[in-house]
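The following explanation is intended for a reader who meets this structure for the first time. Please keep the sequence and the model in view while reading.

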Amino acid sequence: MRLENKKILLIIGGGISAYKSLDLIRLLQKKGSSVKVVLTKSGKKFVTSLSVSSLSKNRVFEEMFDEKNKGKIDHISLSRWADLILVLPTTANFMSKLSKGGADDLASTIILASNKEVFLVPAMNVRMWLHKATQKNLNVLISYGYKFIGPEDGEMACGEYGKGKMSSPRQILSFLEKFFRKKDLLKKKKISAIVTTGPTKEYIDPVRFISNESSGKQGYEIALELSRLGIKTTLISGPTKLTYSSDVKVKEVVSGKEMFEAVKKKLPTHIAVCTAAVSDFKPLSIKKNKIKKDSKITEIKIEKNPDILGYLGKNNRYKPKLLVGFAAETEDLIKNSIKKMQEKFCDIIVANDISNKEIGFNSDLNEVTIVDKSGKTQKIKKSSKKFIASLIAEKIVDTFLLNEKSLN
Ligand code: C5P
């Protein structure tokens with residue numbers, strides 16, 4: 001069922017493990033998937049085009065500019081056709097090329113132009129895998145949103161032992177089955193989510209306002225990840241400098257009150273993730289005209305903004321099935337975050353240590369601990385907000401599906 005009718009675009013790279021791709025094609029075919037194959041120039045040194053086309057029952061794509069295929073742009077049509085792109089084996093050289101955004105052949109161009117999930121299956125000598133350059137490329141690729149299957153520990157073709165061995169076709173198959181099972185389940189359940197992000201601007205007069213440094217990046221990345229997983233997601237964003245992709249629906253707001261109204265309009269929703277740094281206070285009234293320098297004003301009366309997360313947690317009628325809050329703390333990170341989770345009736349809280357200036361607000365990096373209601377913690381050390389978003393989204397989806405299962 002899980003792999004039936006799935007369209008897999010398999011890119012065969014140039015490594016000794018390329019021969020295993022033939023077995024994988026056979027396994028995928030058996031499960032009912034359609035497989036199209038791109039054979040790289042170096043991949044061709046290990047498997048032949050004839051064996052690949054015979055097994056995949058499709059023509060094999062090799063050239064960027066194919067004379068026989070006039071009028072069709074393969075690097076676009078292949079990526080749009082696929083449900084998922086798999087690169088097997090992914091060599092150290094290919095990782096290096098992708099990390100720089102290289103596009104000098106059909107395989108790398110497809111990946112650069114892709115709007116699909118890309119899974120890289122590395123295979124290389126242990127020294128090559130552990131080399132600082134490869135590890136640096138790995139982090140860059142993770143930050144771009146590429147997913148990795150393996151590598152495993154084991155004996156390599158060169159006789160050395162260690163990390164770098166390619167996952168077996170059966171391991172890859174089981175990984176893909178899990179991936180599609182989750183995706184299909186989410187699609188069937190037609191799940192919706194809202195994510196709040198960014199700062200809010202609370203105007204004092206037409207030109208002055210109360211706000212904060214939040215960039216909105218973390219929330220935006222979470223919204224992207226949830227949509228990618230097939231969840232109908234709306235990002236409700238305060239004013240940011242982000243360029244939003246069309247992959248996620250965005251409702252832009254300015255003040256905390258507007259954000260609150262926009263959230264209420266989206267209820268009921270299955271999942272709500274509140275990452276926004278809503279200004280705690282707002283001026284009691286906004287002056288119609290700019291306050292003059294020589295005016296006699298001595299104070300600005302303020303009042304509290306609505307607590308959106310608090311409202312959702314206490315909402316008897318429309319409480320989301322899964323509520324996620326963020327806690328920015330400078331001390332006693334976990335203890336204070338758990339307290340916040342309980343006070344605001346959240347199911348998950350993402351604890352953010354803001355005492356470290358290198359991460360968090362306005363940075364591309366973050367370091368968080370995900371805490372759930374059972375007290376289980378998952379610390380994610382300093383990494384890109386995109387990578388952190390993928391782990392938060394995974395936790396959200398797994399918890400949501402688990403809760404649903406226990407209710408049924
Ligand atoms: O209470 P505190 O502001 O520290 O809580 C942080 C959490 O509450 C975050 O998830 C934030 O998005 C949410 N929040 C909110 N509305 C507010 C203030 C905070 O949704 N007015």
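The paragraphs below move from the chain as a whole to its salt bridges, its surface charge and its cysteines.

The model is a predicted one. Its chain has 408 residues, of which 50% count as buried. The secondary structure comprises 13 helices and 20 strands, and the C-alpha trace extends over about 85 × 50 × 40 Å along its principal axes. Two residues give a sense of distance within the chain: G325 and D104 are separated by 221 residues in sequence and by 43 Å in space, C-alpha to C-alpha. G325 belongs to strand β17, residues 322–329, and is buried, with 0% relative accessibility.

Side chains of opposite charge can pair when their charged atoms come close. In this structure there are 25 salt bridges. One of them joins E117 and K183, with 3.9 Å from N to O. This pair links distant parts of the chain, since E117 is in strand β5 (residues 117–122) and K183 is in helix α8, 66 residues apart. E117 is buried, at a relative accessible area of 6%, whereas K183 is partly exposed, at 23%. Both residues also take part in a network of salt bridges that includes K147, E225 and R228.

Helix α8 is involved in a further contact: K182 meets D398 in a salt bridge of 3.0 Å, N to O. Because D398 lies in helix α13 (residues 385–407) and K182 in helix α8, the pair ties together parts that are 216 residues apart in sequence. D398 is partly exposed, with a relative accessible area of 35%, and K182 is likewise partly exposed, at 25%.

Helix α13 also contributes E404, which forms a salt bridge with K321, the closest N and O atoms lying 3.2 Å apart. K321 is in the loop between α11 (308–314) and β17, so this pair connects parts that are 83 residues apart in sequence. E404 counts as buried, at 13% relative accessibility, while K321 is partly exposed, at 46%.

Attention now turns to the surface. R2, K178, R181 and K405 form a positive surface patch. Of these, R181 is located in helix α8, residues 169–189, and is partly exposed, with a relative accessible area of 38%.

Finally, why does C346 not bond to C274? The sulfur of C274 is the closest cysteine sulfur to that of C346, but the two are 7.5 Å apart, which is too far for a bond. C346 is itself buried, with a relative accessible area of 2%. Across the whole structure, the search finds zero disulfides.

Definitions and conventions: Residues numbered from 1 in each chain as written. Predicted model: local features only at pLDDT ≥ 70, side-chain atom pairs only at ≥ 80, totals over all residues. Heavy atoms only, no water. Patch = residues over 30% accessible without salt bridge, like charges linked within 9 Å, V, L, I, M, F, W, Y side chains within 5 Å. Areas by Shrake-Rupley, 256 points an atom, 1.4 Å probe, with all protein chains shown as cover. Salt bridge = Lys/Arg side-chain N within 4 Å of Asp/Glu carboxyl O. Lys, Arg positive; Asp, Glu negative; His and termini not counted. Charge placed at Lys NZ, Arg CZ, Asp CG, Glu CD. Helix = DSSP H or I, 4+ residues; strand = E, 2+ residues; numbered from the N terminus. Buried < 20%, exposed > 50% of the residue type's maximum accessible area, 1.4 Å probe, protein only. Disulfide = S-S within 2.5 Å.
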